[in-house]
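Me: I am a first-year student, and I would like a close look at the cysteines of this protein. Could you set them within the whole chain as well?

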Amino acid sequence: MKVQDIYIDSVGLYVPATVDSARAVAQGHYEAEAYEETGLTGVAVSPGVSGPDMAVIAAEQAFERGVRTRSDIDALFHSSCFYEGPDAWCAQNYVQLQTVGRATGRSVPAFEVRHGCNGMFDAFELAVCYLRAAEDRESALVTLGDNLDSPLVDRWRSAPFQLIGDAGAAAVLSKRAGFARLKSVGTVLVQELEALHRGSEPLFPPPATTRAPLDLGKRSRDFFTTTSYADFNRHSLEGLRTLVDRLTDEAGITLQDVARVSYMSVSRDFTEQRLMMPLGLGMEKSCWEYARGVGHLASADHLAALDHLLLTGALVPGDHMLMVGLASGLSIAGAVVEILATPPWLS
């Protein structure tokens with residue numbers, strides 16, 4: 001979707017302390033072979049802070065940094081990948097209360113966005129549509145938060161080529177102004193690969209209710225008993241190319257105009273062969289050097305990378321950042337952001 005006159009006023013982040021991969025190998029939690037193969041040096045692990053609470057912490061930082069205030073917010077979009085709290089409970093309403101509702105007394109609507117690790121992109125797209133639907137709507141708060149510390153998840157082994165981390169992130173989108181402009185956002189569904197992360201597991205009863213641990217590696221192995229790697233490569237790379245061509249065209253740029261590219265935190269080989277090489281871009285434009293040390297932060301990967309690049313001066317006014325993510329189902333999503341000015345909290 002081509003986006004016009006929607007700005008990023010501020011971003012906020014909560015990434016807990018990381019656990020060193022070498023230490024995990026020494027303690028028997030992580031295989032030495034995987035450590036050497038992936039190049040992933042650490043993973044962020046939350047000290048008992050829930051996903052919604054991490055999202056609230058990140059939102060508080062976003063408000064502290066930005067120009068827009070709680071009273072400017074007209075809607076909240078909260079995204080997560082894992083269980084957020086008690087069954088049948090709506091985390092987005094809690095996040096709204098802690099960030100906007102209690103401070104202003106306004107009945108600001110809160111929406112949950114569920115699209116796995118691509119939830120941020122859906123939240124951005126829905127927020128844009130919501131703000132554009134009425135002239136008096138000004139700003140939206142997007143929050144993300146996941147704590148994967150669970151007996152059902154082994155953050156070192158549950159997913160191939162990656163380590164599963166915890167984090168919260170937030171962004172305030174506004175029709176007024178901001179340090180960055182959202183120029184395009186969207187998703188491509190690669191329907192031929194829907195079963196990649198489902199495998200042969202039954203839909204009912206849901207494995208989580210039977211206390212079955214998460215094993216994405218086994219699901220993918222099941223998938224490849226009926227689908228060839230050649231077909232997987234063809235479909236996934238066609239989807240990537242379709243999405244990126246559309247995003248850059250809508251943003252009015254070419255790939256050569258992109259200063260940096262964010263992705264999930266996965267192995268160097270995966271990042272290079274599944275993203276950077278197909279796009280004709282060198283690894284120096286990726287965010288892998290940062291991502292390798294914090295793990296795959298669910299849908300918070302891209303705001304974490306953006307925050308890091310801004311803090312280190314790797315993104316400056318005039319630069320464009322391309323964000324690309326994968327989620328089960330299989331979806332490939334992304335956005336193009338243009339940096340307009342040095343963020344006020346760094347000025």
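Reply: What follows takes the cysteines first and then the protein around them. This is a predicted model, in which local features need pLDDT of at least 70 and side-chain atom pairs count only at pLDDT 80 or more, while totals for chains, interfaces and linings use all residues. Residues are numbered from 1 along each chain as its sequence is written, and side-chain values use heavy atoms, with hydrogens and water left out.

A disulfide is a covalent bond between the sulfur atoms of two cysteines. Here the term is applied to a pair of cysteine sulfur atoms within 2.5 Å, and by this rule the protein has zero disulfides. For Cys90, the closest cysteine sulfur belongs to Cys81 and lies 17 Å away, which is too far for a bond. Cys90 is also partly exposed, with a relative accessible area of 37%, where buried means under 20%, exposed means over 50% and partly exposed lies in between, using a 1.4 Å probe and protein chains only. Cys117 is in no disulfide either, and its nearest cysteine sulfur, that of Cys81, is 4.0 Å away.

Turning to the whole protein, buried residues make up 56% of its 347 residues. Among contacts with a separation of 6 or more, 78% join residues 24 or more positions apart, a contact being heavy atoms within 4.5 Å. The C-alpha atoms fill a box of roughly 55 × 45 × 35 Å, taken along the principal axes.
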